[in-house]
Amino acid sequence: MPIEPLSSSRLEAFSDGVIAVIITIMVLELRVPAREVGNLAGLHDVLPLVLVYLLSFIVVGIYWVNHHYLIDGLKQVTHGILWSNLAVLFCLSLVPVGTNWLGVRGISSFSVALYSAVCALPSIPWITLSSLICNHTGKAPVGGLLKQVISTLLYVGAIPLAYVSPYISLGMIGLVAIVWLLPPREIVELTRKSTPPNPHDLHSR
């Protein structure tokens, strides 16, 4: 019996499920302060973890969005694509650990360096996954390979910089998040082409 080509549908469903669990684990770490702590004091205690959770949510969300862009049009997968995808998901699953560590231990050189390392880890197998899929589909990665490499360098550079200034290190991670939050030019152009014309505009002509 001939072996059928491996469909990408299971890869997409499994990846969505794992990323959803990662985000769920992070939000479960947000604890309501004990009754003995005043409301304002409790909010003050929880706020650092909430802010770190927000940044981590955006970091994970960026991978989910770009994963959607990346596998769009992928009809079948290879052995290398499957394992590269698992490597990305494994690295992403460590984000809740770095998030909780930074939120509980507070901003320190080691905490921020650890968090930066956790943010940097997924970017390395991501470049491999992106290259494999783009070679398979013949399409260039959304946002370009240069953008991926620069983001990885910022993440990696934030690790030693945390021992100089933890806040600048966190700012570098935030900068990467802002850059990737902006929609890629290819997606903007595709959205414009697929948007149906406004009937009001047609009648006004």
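The legends below describe close-up views of a predicted model.

**View 1. The largest cavity and the residues around it.**
In this predicted model the count comes to 1 cavity of 30 Å³ or more, and the largest cavity has a volume of about 150 Å³. Its lining is made up of Val 59, Ile 62, Tyr 63, Asn 66, Ser 123, Trp 126, Gln 148, Ser 151, Thr 152, Tyr 155, Val 176 and Trp 180. Helix H2 (39-71), H6, helix H7 (145-161) and helix H8 (166-181) are the elements that give two or more residues to this lining. Sorted by class, the lining of the largest cavity holds 7 nonpolar and 5 polar residues, with no charged residues.

**View 2. An aromatic pair formed by Tyr 63 and Trp 126.**
The model has 3 aromatic pairs by count, and one of them is shown here: the ring centres of Tyr 63 and Trp 126 are 5.6 Å apart and the ring planes stand at 80°, so the pair is edge-to-face. The pair links distant parts of the chain, since Tyr 63 belongs to helix H2 and Trp 126 to helix H6, 63 residues apart. Tyr 63 and Trp 126 are both buried, and both also appear among the residues that line the largest cavity.

**View 3. Helix H8 and the charge over Trp 180.**
At 1.5 Å a residue, the 16 residues of H8 should span 22 Å, and the end C-alpha atoms of H8 are 23 Å apart, which agrees. The buried residues of H8 are Pro 166, Ser 169, Leu 170, Met 172, Ile 173, Gly 174, Val 176, Ala 177 and Trp 180. Over the ring of Trp 180 sits the charged end of Lys 147, 4.3 Å from the ring centre.

**View 4. The second largest pocket and its lining.**
About 210 Å³ of space lies in the second largest pocket, which is lined by Pro 48, Leu 51, Val 52, Leu 55, Leu 102, Gly 106, Ile 107, Tyr 115 and Leu 170. H2 gives the most to this lining, with 4 residues, and by class the lining divides into 8 nonpolar, 1 polar and no charged residues. Leu 170, one of the lining residues, is also one of the buried residues of H8.

**View 5. Ser 131 in helix H6.**
Ser 131 lies in helix H6, which covers residues 123-137, and is partly exposed, with a relative accessible area of 30%. Although Ser 131 and Pro 141 are 10 residues apart along the chain, their C-alpha atoms are separated by 7.8 Å.

Definitions and conventions: Residues numbered from 1 in each chain as written. Predicted model: local features only at pLDDT ≥ 70, side-chain atom pairs only at ≥ 80, totals over all residues. Heavy atoms only, no water. Buried < 20%, exposed > 50% of the residue type's maximum accessible area, 1.4 Å probe, protein only. 1 Å grid on protein atoms, 1.4 Å probe; cavity = no way out; pocket = protein on both sides within 12 Å on 5 of 7 lines; lining within 4 Å. Points joined across faces, edges and corners; volume = space filled by probe spheres on them. Nonpolar A, V, L, I, M, F, W, Y, C, P; charged D, E, K, R; others polar. Expected span 1.5 Å × (residues − 1). Phe/Tyr/Trp six-rings, centres within 6.5 Å; stacked < 30°, edge-to-face > 60°. Lys NZ or Arg CZ within 6 Å of the ring centre and 35° of its normal.
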